[in-house]
Amino acid sequence: MKNPSTKFTFIRRVLFSLTILFAGVWLVGLVQFVSSISKSPNVTEESAEAIVVLTGGNRRLTAGIDLFLQGRATSFFVSGVNEKVRISDIRRLFKERSNAESSMLVECCVTLGYAAENTQGNAIESSKWVKNRGYKSLFLVTSNYHMKRSLLEFKLQLPRVKIIEYPVIANNLMLDDWWFRPGSLKLLLSEYHKVALVGLRSLI
């Protein structure tokens with residue numbers, strides 16, 4: 001019969017080894033996640049049927065508008081819009097980005113979605129709009145750090161739709177020496193854990 005203290009020592013060593021293993025996997029995953037975040041705007045020449053912009057700052061909207069004005073898609077959807085925002089606000093942004101009169105363009109081709117309150121909601125709301133129109137391809141416009149999680153959520157809702165990533169460089173995130181920058185570190189850790197949760201949910 002084993003000595004109880006010997007058994008306790010064995011269990012403690014196993015738990016310690018598992019903790020080290022978990023920490024190593026977690027750290028490698030974090031580094032890979034940060035490394036996957038785009039540091040520059042998308043320069044693709046591809047086109048799609050639609051552009052979907054996830055709200056979260058004017059940079060996302062203006063990036064989507066510029067893409068649309070280049071003629072890269074024929075429909076434009078904004079998901080997670082604040083209830084105070086109206087189509088006239090979007091019309092003004094379009095006019096600021098183009099010298100041409102864009103009122104008709106906005107009226108015919110831009111749709112605002114007010115239902116989403118988070119990234120999963122963005123994917124659900126946008127997928128309903130995409131499916132209703134029968135689209136098979138879209139640009140997904142959101143912040144660079146937010147792209148991986150958004151893409152996972154959208155693929156869960158739209159597995160047969162071609163999704164082209166269009167990351168917008170966030171002005172509140174510094175990817176150089178991020179481990180020394182408290183604000184960037186906090187944002188990246190939060191997003192990394194959210195991505196991991198979506199990944200686990202996709203396996204269930």
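Start with the whole chain in a cartoon view, where the secondary structure comes to 7 helices and 5 strands, with helices (H or I, at least four residues) and strands (E, at least two) taken as DSSP runs and numbered from the N terminus. Follow the chain from the N terminus, and the elements run α-β-α-β-α-α-β-α-β-α-β-α.

Before you select anything, note that this is a predicted model, in which local features need pLDDT of at least 70, side-chain atom pairs count only at pLDDT 80 or more, and totals for chains, interfaces and linings use all residues. Residues are numbered from 1 along each chain as its sequence is written, and side-chain values use heavy atoms, with hydrogens and water left out.

**The whole chain**

Keep the chain in full view and turn it along its principal axes, where the C-alpha atoms fill a box of roughly 85 × 35 × 35 Å. The radius of gyration of the chain is 22 Å, whereas a compact globule of 204 residues would have one near 17 Å; this radius is taken over C-alpha atoms, and the globule rule is 2.2 Å times the number of residues to the power 0.38.

Now colour the residues by accessibility, and 41% of the 204 residues count as buried, a word that here means under 20% relative accessible area, while exposed means over 50% and partly exposed lies in between (1.4 Å probe, protein chains only). Of the contacts in the chain with a separation of 6 or more, 77% are between residues 24 or more positions apart, where contact means heavy atoms within 4.5 Å.

**The disulfide**

Select C108 and C109 next, and show their side chains: they form a disulfide with sulfur atoms 2.3 Å apart, a disulfide being a pair of cysteine sulfur atoms within 2.5 Å. A search of the whole structure finds 1 disulfide, and the link of C108 and C109 is left-handed, with -60 degrees about the S-S bond. Which of the two cysteines, C108 or C109, is buried? C109 counts as buried because its relative accessibility is 14%, whereas C108 is exposed, with a relative accessible area of 55%.

**Helix α6 and its neighbours**

Move on to helix α6, residues 147–157, and pick out M147, R149, S150, L151, E153 and F154, which are buried. As you look along the helix, keep in mind that an α-helix has 3.6 residues a turn, so residues three or four places apart point the same way. Against which elements do the buried residues of α6 pack? Select β1 (50–54), α5 (119–133), β4 (137–143), β5 (162–168) and α7 to see these partners of α6.

**The loop before α7, and α7 itself**

In the loop between β5 and α7, select D177. D177 has a positive phi of about 55 degrees although it is not a glycine, and with a relative accessible area of 40% D177 is partly exposed.

Continue into helix α7, residues 182–203, where you will find S184. S184 is buried, with a relative accessible area of 5%, and apart from residues up to four places away in sequence S184 touches N172, L173, M174 and W178.

Last, select K194, which also lies in helix α7 and is partly exposed at a relative accessible area of 36%. To end the tour, draw a line from the C-alpha of K194 to the C-alpha of L93: these residues are 101 residues apart in sequence and 31 Å apart in space.
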